Every structure is written in C-alpha cells, then in structure tokens.
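Please open the model in a viewer and keep the sequence panel in sight. The tour below proceeds by selection, with a description of what is to be found at each stop.

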Amino acid sequence: MAYPDAVTDRIHRLVSSPAGRTHLVEQGSGPLVLLVHGFPESWYSWRHQLPALAAAGYRAAAIDVRGYGRSSRPDAVTSYRMLDLVADNVAVVEALGERSAVIVGHDWGATIAAMSALLRPDVFRAVGLLSVPYTPPGGPRPSEVFAGMGGEEEFYVSYFQEPGRAEAEIEPDVRGWLAGFYAALSADTMPAPGAPDPHFVTRGGTLRERFPAGPLPAWLAEDELDVYAGEFERTGLTGALNRYRNMDRDWKDLAAHHGAPLKQPALFAGGALDASTTWLADAIEAYPTTLPGLTSCHVLDGCGHFIQQERPEETNHLLTDWLTTLRV
C-alpha cells in the first residue's frame with residue numbers, strides 16, 4: 001500500500017513485516033538507504049535527510065520502528081527484542097524490491113542498525129551510526145550494569161523497565177513530556193554543567209522533574225513538536241518503551257556474537273555535548289578493533305543528542321560524502 005505525502009513528493013508505504021506491518025516514508029531513486037529512528041521519535045526525525053539523500057541520487061526510506069507511529073504494535077513485551085527488529089528491517093528491504101541497502105540509525109536506531117549489519121551482512125552492506133557508538137554484544141548483564149549506576153538515584157533505563165511506570169508519568173501530558181525530553185538532550189536547552197542530570201530519577205520521583213523549563217530547542221518548531229506529540233497521543237508510549245525492556249533478552253539472544261566486530265564500511269557521527277558520545281568515549285577509541293570498516297568519524301562541537309535535527313545540513317553533508325565512497 002502506498003500513498004503520497006500531502007506536502008512533498010515523499011511517498012508513504014505500509015509493507016508486510018514480522019511486526020505485522022511497517023510504515024515507511026521514501027523519497028528519491030537509486031541505491032537504497034534505510035533510515036532507523038530512535039526514542040522517542042518516528043520516521044519524521046529524518047525529514048531533513050530524505051530530500052537531501054534523494055537529491056544526491058539515493059532512494060531514502062525512513063521507517064517507523066515497530067511500536068511507533070503507523071507500524072504495528074504487538075502486545076507482548078517480548079515482541080520488541082533486537083532479533084525481531086532486525087527481521088523487520090530485512091523484510092522492509094525485500095518489500096521494496098531490493099536485495100541490499102545501506103542502513104543508518106540514530107539513538108536506539110543506531111544500535112538496531114549496527115545489529116542489523118552484524119547479523120545480516122548479506123543484506124546491509126554498510127552502516128551509519130548517529131549519536132550512539134557501536135559496542136559489540138557481550139559484557140555484564142545490562143540490568144545489573146544499569147542498577148549499579150546513579151548511587152541513590154535511578155538510571156533512566158532502569159526506570160523504564162517496569163511496564164506502566166514510565167507510561168504513567170508521560171501519557172497524561174505527552175506533548176509537554178516530549179518537549180522537556182527533547183530540550184534536556186539538546187545543546188541549546190540542556191541543563192547547565194553541574195545541574196541535576198536528567199538521565200537519572202530521584203527515588204520515587206520522575207524524569208520530568210529534571211527537564212528544563214523554558215523554550216523549545218532551536219531545531220524544534222511548535223508544529224514539528226505537534227507531529228511527534230500527535231503520534232504518541234494516538235499510540236501511547238508502551239511500544240517505544242518495550243525496546244528498553246528487552247535488553248537482557250538481547251544479551252542472551254546475541255551471546256554467540258559477544259565481542260564481534262562490525263566489518264562493513266561504517267560512519268559514526270555524534271555530538272560533543274551528548275552523553276551518549278561522552279559516556280561511551282572508550283567505545284569510540286576501540287573502533288580500530290570493533291569497527292574496522294570505519295571510514296568516516298566525526299564528533300560535532302556544540303551539538304547535543306539529536307544530531308540530524310540539530311545539525312541537519314552538516315549531517316546531510318557527512319552522509320552524502322560518505323555514501324559516495326561506497327560501491328553501489
């Protein structure tokens with residue numbers, strides 16, 4: 001099923017996938033570039049990249065990950081494990097009539113993209129990672145690592161684990177919560193150094209207590225926030241949060257790949273002010289071993305977490321320049 005976008009030459013499609021259906025938005029023609037968003041976003045987070053990639057001669061397709069937007073939202077928490085998300089991505093490539101694709105992801109989408117490339121190198125010939133560096137599967141059990149972070153406070157990933165808990169905070173005011181979350185991780189609106197860290201929750205408290213009160217980040221207009229809020233007001237947040245609730249299952253599912261390097265041609269770009277980049281600085285330093293195919297690596301000064309929206313033109317240049325180095 002396909003239908004045109006009301007505003008641009010983008011095409012919306014609903015394709016069959018293990019999730020049930022996957023919604024995607026595509027633009028352009030040429031080699032396929034699959035774009036995978038993070039939390040709490042949607043295909044719309046790639047709105048600046050779709051036309052740029054199309055203009056550069058690529059078929060860009062941005063999906064709604066299962067649990068988000070117009071894609072299916074299975075009820076079972078276990079339906080959001082990494083193996084399922086990889087299978088969805090493979091199904092999308094096949095549904096679009098392609099045999100292979102370059103896959104690019106942001107935030108959770110970066111990890112999904114990396115695991116898609118690791119598990120299905122026959123389909124995903126190159127991988128771009130935005131904001132979240134590649135770390136091979138393995139190490140200690142994730143829930144134990146997160147439980148040990150924060151001291152008297154609770155790390156947000158642990159806070160998200162209990163079904164219904166974070167939903168009770170978010171869903172009475174989805175738009176306000178999203179605005180605060182986006183502001184907390186964006187360069188121009190994030191809390192000042194030394195302020196309470198919005199990645200942690202006081203015991204018995206909420207994440208929202210630490211979100212900055214003030215204007216939206218410069219990259220996010222009111223009508224753009226309306227798009228995100230409208231989708232989550234319709235779907236709720238459970239599907240999105242269920243990704244976090246499968247990290248221990250992923251750890252078990254991917255045990256055979258512990259320590260595995262990602263060998264395809266790769267790009268990494270992150271923001272210098274993004275905790276995902278700074279906390280995982282050791283992972284970036286390990287790239288000669290863990291990401292031996294890396295050909296493009298950039299940390300953008302003065303940039304926060306939402307790199308392709310905070311710095312769309314720069315991100316577009318990085319992506320298109322890197323893509324030209326790949327063999328079609």
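Is Phe 181 buried or exposed? This is a predicted model, and in it Phe 181 has a relative accessibility of 9%. The cut-off for a buried residue is under 20%, so Phe 181 counts as buried.

**The whole chain**

Before going further into that region, display the entire protein as a cartoon. The protein has 15 helices and 11 strands. Its C-alpha trace spans about 50 × 45 × 40 Å along the principal axes. A compact globule of 328 residues would have a radius of gyration near 20 Å, and the 18 Å of the protein agrees with this.

Next, colour by accessibility. Of the 328 residues, 55% are buried. The accessible surface amounts to about 13,100 Å², and carbon and sulfur atoms account for 53% of that surface. If contacts are drawn between residues at least 6 apart in sequence, 75% of them join residues at least 24 apart. For a view of the charges, select the 26 positive and 41 negative ones; their mean positions lie 7 Å apart.

**Helix H7 and an aromatic pair**

Now select the aromatic side chains. A search of the whole structure finds 25 aromatic pairs. One of them joins Phe 181 and Phe 211: the ring centres are 6.2 Å apart and the planes stand at 85 degrees, so the pair is edge-to-face. Phe 181 belongs to helix H7 (residues 174-184), whereas Phe 211 is in the loop between strand S9 (200-201) and helix H8 (222-235); the pair therefore ties together parts that are 30 residues apart in sequence. Phe 211 is also counted as buried, at 12% relative accessibility.

Extend the selection to the whole of H7. How many of the 11 residues of H7 are buried? Nine are, so the helix is largely enclosed by the rest of the structure. Among them are Val 174, Trp 177, Leu 178 and Tyr 182. Add helix H6 (165-170) and H8 to the display: these are the helices against which the buried residues of H7 pack.

Remain in the loop between S9 and H8 and select Leu 216, which is found there. Excluding residues up to four places away in sequence, Leu 216 touches Ala 179, Thr 189, Ala 221, Glu 222 and Leu 225. Ala 179 is one of the buried residues of H7. To cross the model from this point, draw a distance from Leu 216 to Pro 121: their C-alpha atoms are 40 Å apart, with these positions 95 residues apart along the chain.

**Backbone stops**

Switch to a backbone representation and select Phe 39 and Pro 40. The peptide bond between them is cis, with omega near -15 degrees. Pro 40 is placed in the loop between strand S4 (32-36) and helix H1 (49-55).

Which backbone angle deserves attention at Asp 107? Its phi is near 60 degrees, a positive value in a residue other than glycine. Asp 107 sits in the loop between strand S6 (101-106) and helix H3 (108-119). With a relative accessible area of 10%, Asp 107 is buried.

Ser 131 likewise is not a glycine, and it has a positive phi of about 80 degrees. Look for Ser 131 in the loop between strand S7 (124-130) and helix H4 (142-147). Its relative accessibility is 0%, so Ser 131 counts as buried.

**Two loop residues and their contacts**

Tyr 134 is found in the loop between S7 and H4. It counts as buried, at 2% relative accessibility. Leaving aside neighbours within four places in sequence, Tyr 134 is in contact with several residues, including Ala 114, Met 115, Leu 118, Pro 261, Ala 283 and Tyr 287. How far apart are the C-alpha atoms of Tyr 134 and Ala 283? They are separated by 6.7 Å, although the two residues are 149 residues apart along the chain.

For the last stop, select Ser 79, in the loop between strand S5 (59-63) and helix H2 (82-95). Ser 79 has 18% relative accessibility and counts as buried. Show Arg 66, Pro 74 and Asp 84 as sticks: Ser 79 touches these residues, not counting those up to four places away in sequence.

Technical notes
Residues are numbered from 1 along each chain as its sequence is written. This is a predicted model: local features need pLDDT of at least 70, side-chain atom pairs count only at pLDDT 80 or more; totals for chains, interfaces and linings use all residues. Side-chain values use heavy atoms; hydrogens and water are left out. Helices (H or I, at least four residues) and strands (E, at least two) are DSSP runs, numbered from the N terminus. The radius of gyration is taken over C-alpha atoms; the globule rule is 2.2 Å times the number of residues to the power 0.38. Buried means under 20% relative accessible area, exposed over 50%, partly exposed in between (1.4 Å probe, protein chains only). Contact means heavy atoms within 4.5 Å. Accessible areas come from the Shrake-Rupley method with a 1.4 Å probe; for residues, only the protein chains shown count as cover. Lys and Arg count as positive and Asp and Glu as negative; His and the chain ends are not counted. The place of a charge is taken as NZ of Lys, CZ of Arg, CG of Asp or CD of Glu. Rings of Phe, Tyr and Trp (its six-membered ring) pair if their centres lie within 6.5 Å; planes under 30 degrees apart count as stacked, over 60 as edge-to-face and the rest as tilted.
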